[in-house]
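This report goes through a few places in one structure, step by step. Keep the sequence and the 3D view open while reading.

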Amino acid sequence: KETKPLNFIEEIVENDLAQGKYSRIITRFPPEPNGYLHIGHASSIVLNFGLTESYNGYTNLRFDDTNPVTEDTAYVEAIRQDVRWLGFKWENELYASDYFGQLYEYALTLIRKGFAYVDDSSSEEMAAQKGTPTSAGTESPFRTRSIEENLSLFEAMKAGDYPDGSKTLRAKIDMAHPNMIMRDPILYRIKHAAHHRTGDTWKIYPMYDFAHGQSDSLERVTHSLCTLEFVPHRELYDWLIEKLEIYPSHQYEFARRNVNHTVTSKRKLMQLVNENFVSGWDDPRMPTIAGMRRRGYTPESIRDFVERIGVSKRENSVDLSLLEFCVREHLNKIALRRMVVLDPLKITITNFPAGQKEICLSENNPESPSAGSREVPFTREIFIERDDFMENPPKKYHRLSPGQYARLKSAFIIRCDEVVKDAAGEVTEIKCSYIENSKSGQDTSGINAKATLHWVSATDAVPVEVRLYDRLFTVEDPGDADGDFKDYINPESLKTITGYAEPALATDDQTAHFQFLRLGYFFADKDSRPEKPVFNRTTTLRDNYAK
Ligand code: ATP
Ligand code: MG
Ligand code: MG
């Protein structure tokens, strides 16, 4: 292990191992298949899988699919793909629903031991029975049912004899317990609904609290890591394991990780999808793993981000800029450099013959010499960015302006000789001359051009659709702002334009990451086709929000 200080979970694990409590550790990542995984889940994935990579053990992928109404097999597929893409291998792929039979048996055990009863109270009545944190609750009139009656009623619930909501199975604990969750919590509810894996087999479904710890125990999970809102549930987790006399898994809690300028809640992300604020769960503006992948983030950069923020016992939100920083760090090392002009201004090189081509060599990645170089054609007509030219520049402007020199990246130095305008006074073309002995790598001109501009041959360029993204929300914490979080959606979070790319981009491996010189990092979108390439801007080269 590297020298990084241990986080509090690693300390617990090291202590347990040092004391010989376990010979190996087992963790699980337990998503509910009711949506796509987001950047917050990445924290939990890296934590669970990271622990068993560092220490002797393994991690299960367990779908916590106890709620038939919201779950779907399509989400299961997406979650599997995302965890794999992040670079993790699970030991077993498991489903809480696989344990429905065993969980039912556990419920019978509790009834037989006098620790559970069937209650006919409505949900309103049960809520009233709960009492308040400062006062004791009241016992349900059904609490004293005999074991035999409870067994037969619970069997009838399972058989589908009763409508939804008419009965529940509750744990018999203590209606005056200082922990509200311990006041006879519901273990099972009736739900006549088809489940994505068990179909119509079950008419009753276990509550999260009844399924989770029992699933952990069945898998002999040693360290069950969950987020802070489950702290008060730990007492019930332990109570159930103790009463059932099953393998004692232990629950530990860490703080949820939230990232600002976005939302990390499946429920909210689902609204963005269903109400068409985005094109889908994998829209490149979404903080989902699928969205980030499509946008061009790499698994390495996401893991780096998650490791930098670490685990904590206190909830706080992390700046989106840190994630973008990690993305740039990685892409700088691996991205192929290419030239693309997004807002073209035509330049005619008056002393370069039409129809002729001068091949220039340009390095693919200055950070990685082994990446080699590619050929870039220089021709009489080229494009530069419109904002790389100014007719009446201020003093410190070093790009192209009348009478001034600028270098074209990997090619020649040019001088601006003449500005051509249309009737409205708009600049339509620049006439330049190139300096023949100024070719990059063999420049003997002695001319000192201060700016190096990216450019493409106007005759050889390939038009590409370019999608420029900005933050999806205009405020730091849209989830917590007044009113509806969707009121804070940035109307300019997506701009689609046509760019002109150097020809190499058309034949490049389209799964590669690119740096379009001076413009940012780009990645081919899933909509991209050879006849109509589409590139997403993954991120700009610098943090445009830095203060
Ligand atoms: P959401 O609120 O987005 O629906 P969830 O907790 O209901 O999240 P689950 O599918 O139950 O989603 O999450 C699987 C695992 O990921 C759980 O162990 C959960 O605690 C963890 N997790 C979810 N969101 C975060 C987050 N923001 N930071 C860290 N861990 C998270
Ligand atoms: Mg959950
Ligand atoms: Mg949830």
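Domain bounds, as used below, come from an automatic or database domain assignment. The model itself is predicted.

## The shell around ligand 1

Where does ligand 1 lie with respect to domain 1 and domain 2? Domain 1 covers 8–254, and domain 2 is made of 261–336 + 464–539. Both domains give residues to the shell around ligand 1, so the ligand lies between them.

The shell has 15 residues, and those that come nearest to ligand 1 are Pro31, Gly40, Ser44, Thr227 and Lys266. By type, the shell residues divide into 3 nonpolar, 8 polar and 4 charged.

Three elements each supply at least two residues of this shell: helix H2 (39–54), strand S8 (223–227) and strand S10 (257–259). Helix H2 gives the most, with 4 residues.

## Two residues with positive phi

Glutamate 245 is not a glycine, yet its phi is positive, near 55°. This residue sits in the loop that lies between helix H8 (234–244) and strand S9 (250–254). Is glutamate 245 buried or exposed? A residue counts as exposed if 12 or fewer other C-beta atoms lie within 10 Å of its own. Glutamate 245 has 9 other C-beta atoms within 10 Å, so it is exposed.

Serine 410 also has a positive phi, about 65°, although it is not a glycine. Its place is in the loop between strand S18 (405–408) and strand S19 (413–421). The cut-off for a buried residue is 20 or more other C-beta atoms within 10 Å. Serine 410 has 23 such atoms within 10 Å, and is therefore buried.

## A sheet of 7 strands

Strands S18 and S19 belong to an open sheet of 7 strands, in the order S21-S18-S19-S20-S14-S17-S22, with mixed pairing. Which strands stand at the edges of the sheet? They are S21 (452–453) and S22; each has a single partner strand, so one side of each is left without a neighbour in the sheet.

Two of the pairings can be followed residue by residue. Strand S14 (residues 344–349) pairs with strand S17 (residues 381–385) in the antiparallel sense over 5 bridges. In this pair, leucine 345 stands opposite isoleucine 384 in S17. S17 is also joined to S22 (residues 456–457) by 2 bridges, and these two strands run antiparallel. Here phenylalanine 383 stands opposite valine 456 in S22.

When looking along a strand, keep one general point in mind. In a regular strand the side chains alternate between the two faces of the sheet.

Technical notes. Residues numbered from 1 in each chain as written. Chains lettered and ligands numbered in written order. Predicted model: local features only at pLDDT ≥ 70, side-chain atom pairs only at ≥ 80, totals over all residues. Near = placed C-beta within 6 Å. Nonpolar A, V, L, I, M, F, W, Y, C, P; charged D, E, K, R; others polar. Pairing = 2+ DSSP bridges.
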